[in-house]
Amino acid sequence: MRHGTRSVGVGWLALAVAFGIPGGVAAQDQPILIRGATILTAAEAGRIEDGAVLFQNGRIVAVGPTSEVEAPADAMVIDGTGKFVTPGIVDAHSHIAADAINEGAVSVSSMVSIHDVIDPTDIAIYREVAGGTTTSHVMHGSANPIGGNNAVIKHRWGADAQGLLFQGAPPTIKFALGENPKRAGSPTLPGQEARYPASRMGVMDVIRQAFIEATEYKAEWDAYRARVADGDRNAIPPRRNLTMDPLVEVLEGTRYVHAHSYRADEILQLMRAAEEFDFRIHVFQHVLEGYRVADEMAEHGAHASTFSDWWAYKMEAYEAIPYNAAIMTRRGVNVSINSDSGEEGRHLNQEAAKTMKWGGLSEAEALATVTINPAIQLMIDDRVGSLEAGKDADIVLWENYPLSSYAKVRTTYIEGEVMFDIDADMAMRAEIEAEKAELREMLDETDDSEGSEDERDPGRRSGGGR
């Protein structure tokens, strides 16, 4: 306690969560100061020993040495001695919280959107926030050369679908190369109809043809708007095409392409195809052979979002190496480590740490692969990805060194509100178990009561039962 502040332990809101208050607490209007911790900022300030983070009203107010960050008189002060603080983890490739992820009936499904199928009840949201993940890029699947539109969410467990959406995140779209989109053209299941394309050549043809049509569609709308601007009151707008609208946004640079990819030759092919139509592939996802074409990717302006050490789970993943992320980083590519999995999304901190083993990335570079780098790829780095004054208070308090197999999240904040607290979680579990025991006891009493009646009336037992 000092200067009128209230000092508490890190389990201060166990009862709040245990008794079902959404998000743990109400809107965070009281200043909160975590002090005495090691702060890994993922920003220019780097690592701050004996550091402090002050946040209020959902925003970070100050980050720095404890001696330089003063707590307001009404602040709640949390002792972080021996603990670590990082930004919330950002997952650039996820499929959680989606009721369905593939519209595989057609080769081009740019008219569909993950926004329409967000499932706020998916328990993976809570499990991942318990692992420090606070933002996810929920993507369409890879059944199509041109897939659907994606959604960026914050892990606001307890919110509805609209409440999960990261407002202001630039729109993205999913493309896919290789085995997945061509597999639909060579079905292996009895009765399954083939769909073009059935080859890697066909995948590239589908993408080119779609952008030829999108270019023509854009020209029609440009001509119409020019006539309206010139005062032509008889101008008739072209027929709206929901498949073409997102592709026109790609051409105009307002929607960003995230492309599922594996092989180096296909990565090069897609960059060349994009350059034909004067746009860029914003992020190559998976990109397991990115180490072979990292210079070309850097020249194109593409980012990379990859796995730490997944490979050999299908033929086009056989040439993957664990040094991929480090090599691309050294060649000037912005690299993130993603999950593509509700399970992997619970420990992305450890996946990032593997880049220190495989490739010798520094602590700051490794942490960046799951914080500021994916935030840059999603173009939300002005809001999340690092601990800096003015950014969203998406903050994780760790028991141990976060880039370690011993790491354990103690508290996760999203915009200053507690979305996970380990003490609160344990209290909630105890209450649930107590409620289960009470229900079992009630059921046993009911069974005993009905059993006595059955003994008095044998016909009751054979008369249909409960």
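Seven bridges tie strand E2 (residues 32-40) to strand E3 (residues 47-56), and the two run antiparallel. Keep in mind that this is a predicted model. Beyond that strand pairing, the things to look at are 14 aromatic pairs, a largest nonpolar core of 66 residues, and a second, separate core of 17 residues.

**Strands E2, E3 and E4**

- Across the E2 and E3 pairing, Leu33 faces Leu54, which belongs to E3.
- The hairpin of E2 and E3 has six residues between its strands, and Ala42 there takes a positive phi near 55°.
- E3 also pairs with strand E4 (residues 59-65): six bridges hold them together, again in an antiparallel run.
- Gln56 has Arg59 of E4 as its bridge partner.
- With two residues between the strands, the hairpin of E3 and E4 has its own positive phi, near 50°, at Asn57.

**Aromatic pairs**

- There are 14 aromatic pairs in the structure.
- Take Phe211 and Phe277: their ring centres lie 5.9 Å apart with the planes at 40°, so this pair counts as tilted. A tilted pair is one whose planes are neither under 30 degrees apart (stacked) nor over 60 (edge-to-face).
- That pair connects distant parts of the chain, as its members are 66 residues apart. Phe211 sits in helix H5 (residues 200-229), while Phe277 is in the loop between helix H7 (264-276) and strand E13 (281-286).
- Both Phe211 and Phe277 are buried.
- Phe211 and Phe277 also belong to one aromatic cluster, along with Phe175 and Phe279.

**Nonpolar cores**

- The largest core has 66 residues, and the ones touching the most other members are Ile146, Phe175, Phe211, Leu270, Phe279, Phe284 and Met297.
- H5 is the top contributor to this core, giving 10 residues.
- Phe175, Phe211 and Phe279 turn up twice here: they are on that list of core residues and they are in the aromatic cluster too.
- Leaving out residues up to four places away in sequence, Phe284 has contacts that include Ile267, Leu270, Met271 and Met297. Ala259, Ser261, Ala302, His303, Ala304 and Ser305 are also among the residues Phe284 touches.
- The second core stands separate from the largest one; its 17 residues include Ile34, Ala37, Ala393 and Leu397.

**A charge over a ring**

- Lys357 places its charged end over the ring of Trp358, at 5.5 Å from the ring centre.

Key: Residues are numbered from 1 along each chain as its sequence is written. This is a predicted model: local features need pLDDT of at least 70, side-chain atom pairs count only at pLDDT 80 or more; totals for chains, interfaces and linings use all residues. Side-chain values use heavy atoms; hydrogens and water are left out. Rings of Phe, Tyr and Trp (its six-membered ring) pair if their centres lie within 6.5 Å; planes under 30 degrees apart count as stacked, over 60 as edge-to-face and the rest as tilted. Helices (H or I, at least four residues) and strands (E, at least two) are DSSP runs, numbered from the N terminus. Buried means under 20% relative accessible area, exposed over 50%, partly exposed in between (1.4 Å probe, protein chains only). A charge sits over a ring if NZ of Lys or CZ of Arg is within 6 Å of the ring centre and within 35 degrees of the ring normal. Two strands pair if DSSP finds at least two bridges between them. A nonpolar core is a set of buried Ala, Val, Leu, Ile, Met, Phe, Trp, Tyr and Cys residues joined through side-chain atoms within 4.5 Å. Contact means heavy atoms within 4.5 Å.
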